[in-house]
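Here is a short briefing for a first look. Keep the structure open as you read.

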Amino acid sequence: PPGTTGRIAPLDGSAMGKASAIRLERELVLVDLHPGFAVVKSEYRFSNPSDSTVTLPIGLPSSGHYEVDIVGRCSFYGNEPPRVLSNGHPMDVSNREMPPMRPLPAYDSTMAFRYHSWTQRFEPGVTTVTVYLTTQNHLSRLVRGDSARDGNAFGYVTEGDRSWPRGAAFSQVLFRLNGELYLTGIRAAMPGGSFMGNMRHLRWNSLGDSSQATPNLLVWYEGAPPDFKYGK
């Protein structure tokens with residue numbers, strides 16, 4: 001399973017209706033990619049043009065699966081609880097479980113079994129939500145037919161953009177390669193042809209296109225072996 005996180009989004013149908021009043025102006029995801037794991041900081045800038053406060057149950061998947069072009073289905077599980085700040089103030093994050101095979105409404109093609117959630121207030125004007133977390137990447141395995149290959153992988157689920165009006169106005173995911181990891185150790189970055197970079201950095205960005213969902217991302221790389229001591 002690749003280490004995975006994703007765009008925050010409303011968690012149920014009634015919340016998605018209220019979300020129509022909220023605009024996701026900017027998404028910036030900073031990924032420190034290491035052999036075996038990643039340290040991630042995601043920052044979301046929202047605007048509420050109304051004169052009223054909108055309160056929504058918000059979350060991001062901690063276990064489930066999602067689709068990536070060419071690769072197919074990616075399954076993941078067991079993300080640790082993130083640290084979440086709203087305009088610099090810590091939020092109370094809980095772990096919630098959904099019935100098996102029930103889709104998380106915020107992610108069109110994603111079937112999430114568990115997610116991290118909190119209650120988010122959008123005051124009139126601008127709200128900045130910041131999420132800090134780590135992902136465990138060293139247990140990834142690519143399976144095709146009777147063959148399998150071990151490696152490290154990091155995924156980012158972007159299809160939550162369908163829960164916000166017109167998606168995200170601007171999205172950017174920046175990767176910094178650490179330790180003994182260099183561009184030559186990147187086996188694949190999906191979707192193909194959508195990344196730029198150099199020996200120590202990768203960049204993916206989107207200006208937003210309401211006509212179609214933003215593709216999910218996956219970076220497959222040479223890193224730590226399966227017996228890597230992630231707990232340390």
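The points below cover the sheet, the cores and one loop residue.

This is a predicted model. Its 8-stranded open sheet has mixed pairing. Its largest nonpolar core has 38 residues.

**The sheet**
- The strands of the open sheet run in the order 8-7-11-4-3-14-17-16.
- Strand 8 (89-90) and strand 16 (195-198) stand at the edges. Each has a single partner strand, so one side of each is left without a neighbour in the sheet.
- Strand 7 (residues 83-86) pairs with strand 8 in the antiparallel sense, over 2 bridges.
- Ser86 has His89, in strand 8, as its bridge partner.

**The nonpolar cores**
- In the largest core, the residues with the most contacts inside it are Ile8, Val31, Leu33, Phe46, Trp164, Phe175 and Val219.
- Leaving aside residues up to four places away in sequence, Val31 touches Ala38, Val39, Val40, Phe154, Val173, Leu174, Phe175 and Arg176.
- A second, separate core has 9 residues, including Val68, Phe76, Val157 and Met190.
- In soluble globular proteins, nonpolar side chains tend to be buried together.

**Thr158, a loop residue**
- Thr158 is in the loop between strand 13 (147-157) and strand 14 (171-177).
- Is Thr158 buried or exposed? Its relative accessibility is 0%, so Thr158 counts as buried; the cut-off for buried is under 20%.
- A polar atom of the Thr158 side chain lies 2.7 Å from the backbone oxygen of Pro215.
- Thr158 also touches Arg7, Thr214, Asn216 and Leu217, with residues up to four places away in sequence not counted.

Technical notes. Residues numbered from 1 in each chain as written. Predicted model: local features only at pLDDT ≥ 70, side-chain atom pairs only at ≥ 80, totals over all residues. Heavy atoms only, no water. Core = buried A, V, L, I, M, F, W, Y, C linked by side-chain atoms within 4.5 Å. Buried < 20%, exposed > 50% of the residue type's maximum accessible area, 1.4 Å probe, protein only. Contact = heavy atoms within 4.5 Å. Helix = DSSP H or I, 4+ residues; strand = E, 2+ residues; numbered from the N terminus. Polar contact = N/O pair within 3.5 Å; in protein donor to acceptor, adjacent residues only side chain to side chain. Pairing = 2+ DSSP bridges.
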